[in-house]
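Subject: Handing over the structure

Hello,

Here is the structure I promised to pass on to you. Please open it beside this email, and my notes follow below.

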Amino acid sequence: YLVDYRSFTKWKANNTTNPWVRIVLTSPASPDTIGIYNHNFNEVGGTIKLQHDSDDNDVWTDMETITPNGTKPIMVVIDTPVSSTKFRLFFDTPTLEPECAIIFLGVAIEFPYPPESPAIPFEESIRATIEISEAGHNLGSVISHFPLRINQTFKNFTRTFFDTYYKPFWINHGRYLIPFFYGWDLVNRPDEIFFVTLDEGSTFRETLTVLSLMRCIVACRANS
């Protein structure tokens with residue numbers, strides 16, 4: 001849980017006496033975004049805060065207040081990033097033990113332009129086993145889950161953006177199918193946050209051109 005990318009195992013607090021979960025980095029970093037998945041934070045009550053310990057002396061300073069919207073994934077942009085190796089989620093006077101499967105701290109990549117139209121935020125399908133009679137009647141079905149897919153095309157971003165952000169993401173993260181959080185419009189559609197990996201059929205193409213504008217396709221599969 002939390003550190004193994006598995007969305008089906010969870011950390012759970014032992015009590016409700018101001019519990020916390022700590023995120024310790026191997027070297028100082030300045031994350032500007034936090035992502036949370038598979039949680040019960042909407043039920044725990046109290047106040048949830050992201051904090052940092054800049055002096056490594058267990059003195060914690062508030063950075064952001066986390067406000068969950070039901071059990072949906074959470075992605076919050078940190079207004080003032082701080083360099084540290086120690087961060088934590090602190091639960092102030094909850095009434096229920098908090099639990100969570102995934103907490104990511106990192107740096108967000110924001111595409112400078114929206115995806116090409118028509119922009120479809122996500123597509124949902126059905127994964128099920130269906131029993132059909134000889135006469136063609138539906139005898140029953142067992143639904144396992146609802147797979148989500150995201151497929152969007154971005155264009156007209158600069159070579160600098162490609163080399164500085166997207167290419168390192170692909171080399172160090174995306175091609176290894178390491179999960180990440182994806183939100184296509186945090187301002188107007190803040191509820192549509194997804195915990196995703198790149199589609200296993202994704203390809204990386206770098207155009208050899210003197211033009212300064214680039215284009216890429218982002219294809220992901222999301223946890224439902």
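Lys12 and Glu99 meet through their side chains in a salt bridge, at 3.9 Å from N to O. Please bear in mind that this is a predicted model. Lys12 belongs to strand S1 and Glu99 to strand S8, so the pair ties together parts that are 87 residues apart in sequence. Glu99 is buried, because its relative accessible area of 19% falls under the 20% cut-off. The story has a third partner too: salt bridges that share partners join Lys10, Lys12 and Glu99 into one network.

How many salt bridges does the structure hold? There are 11 salt bridges, and two others are worth a visit. As background, side chains of opposite charge can pair when their charged atoms come close.

- Arg22 forms a salt bridge with Asp58, and their closest N and O atoms are 3.4 Å apart. Arg22 sits in strand S2 and Asp58 in the loop between S4 and S5, so this pair ties together parts that are 36 residues apart in sequence. Arg22 is partly exposed at 30% relative accessibility, and Asp58 is also partly exposed, at 47%.
- Glu206 and Lys167 meet in a salt bridge of 3.2 Å, N to O. Glu206 lies in the loop between S14 and strand S15 (213–222), while Lys167 is in helix H2 (residues 159–172), so the pair ties together parts that are 39 residues apart in sequence. Glu206 is partly exposed, with a relative accessible area of 29%, and Lys167 is partly exposed with 25%.

Now to the strands. In what order do the strands of the open sheet come? The open sheet has 4 strands in the order S2-S7-S4-S5, with antiparallel pairing. At the edges are strand S2 (20–29) and strand S5 (61–66), each of which pairs on one side only. From one strand to the next, the twist averages 25°. Strand S4 (residues 47–52) and S5 run antiparallel and are joined by 5 bridges. To see where they face each other, look for Leu50, which stands opposite Glu64 in S5.

Another pairing involves strand S10 (residues 127–132) and S11, which run antiparallel and are joined by 6 bridges. Ala128 has Ile143 in S11 as its bridge partner. The hairpin of S10 and S11 has 5 residues between the strands, and there Gly136 takes a positive phi near 90°. Is S11 well covered or hardly covered? S11 is hardly covered: among its 8 residues, the count of buried residues is 0.

Ile143 turns up again on the surface, where Ile126, Ile143 and Phe146 make a nonpolar patch of about 300 Å². Phe146 is in the loop between strand S11 (138–145) and strand S12 (148–158), and it is partly exposed with a relative accessible area of 36%.

If you like aromatic rings, there is plenty to look at: the structure holds 20 aromatic pairs. The rings of Tyr5 and Phe104 have their centres 5.8 Å apart and their planes at 85°, so that pair is edge-to-face. Tyr5 is in the segment before S1 and Phe104 in strand S8, so to speak distant parts of the chain, 99 residues apart. Tyr5 counts as partly exposed at 42% relative accessibility, whereas Phe104 is buried at 16%. Phe104 also forms an edge-to-face pair with Phe195, 5.7 Å centre to centre and with 70° between the planes. This pair links distant parts of the chain as well, with Phe104 in strand S8 and Phe195 in strand S14 (residues 193–198), 91 residues apart. Phe195 counts as buried, at 3% relative accessibility.

There is also one aromatic cluster, whose members include Phe111, Phe154, Phe157, Tyr165, Trp170 and Phe204.

Finally, some backbone details. Where is the cis peptide bond that involves Pro118? The bond joins Ser117 and Pro118, with omega about -5°. Pro118 is placed in the loop between strand S8 (99–106) and strand S9 (123–124).

Asn18 is not a glycine, yet it has a positive phi of about 45°. Asn18 lies in the loop between strand S1 (11–12) and S2, and it is partly exposed with a relative accessible area of 31%. Thr93, not a glycine either, has a positive phi of about 50°. Thr93 is found in the loop between strand S7 (84–92) and S8, and it counts as exposed at 51% relative accessibility.

Happy exploring, and all the best!

Note on methods
Residues numbered from 1 in each chain as written. Predicted model: local features only at pLDDT ≥ 70, side-chain atom pairs only at ≥ 80, totals over all residues. Heavy atoms only, no water. Pairing = 2+ DSSP bridges. Helix = DSSP H or I, 4+ residues; strand = E, 2+ residues; numbered from the N terminus. Axes fitted to C-alpha atoms, helices over the stretch in contact; angles between N-to-C directions. Buried < 20%, exposed > 50% of the residue type's maximum accessible area, 1.4 Å probe, protein only. Patch = residues over 30% accessible without salt bridge, like charges linked within 9 Å, V, L, I, M, F, W, Y side chains within 5 Å. Areas by Shrake-Rupley, 256 points an atom, 1.4 Å probe, with all protein chains shown as cover. Salt bridge = Lys/Arg side-chain N within 4 Å of Asp/Glu carboxyl O. Phe/Tyr/Trp six-rings, centres within 6.5 Å; stacked < 30°, edge-to-face > 60°.
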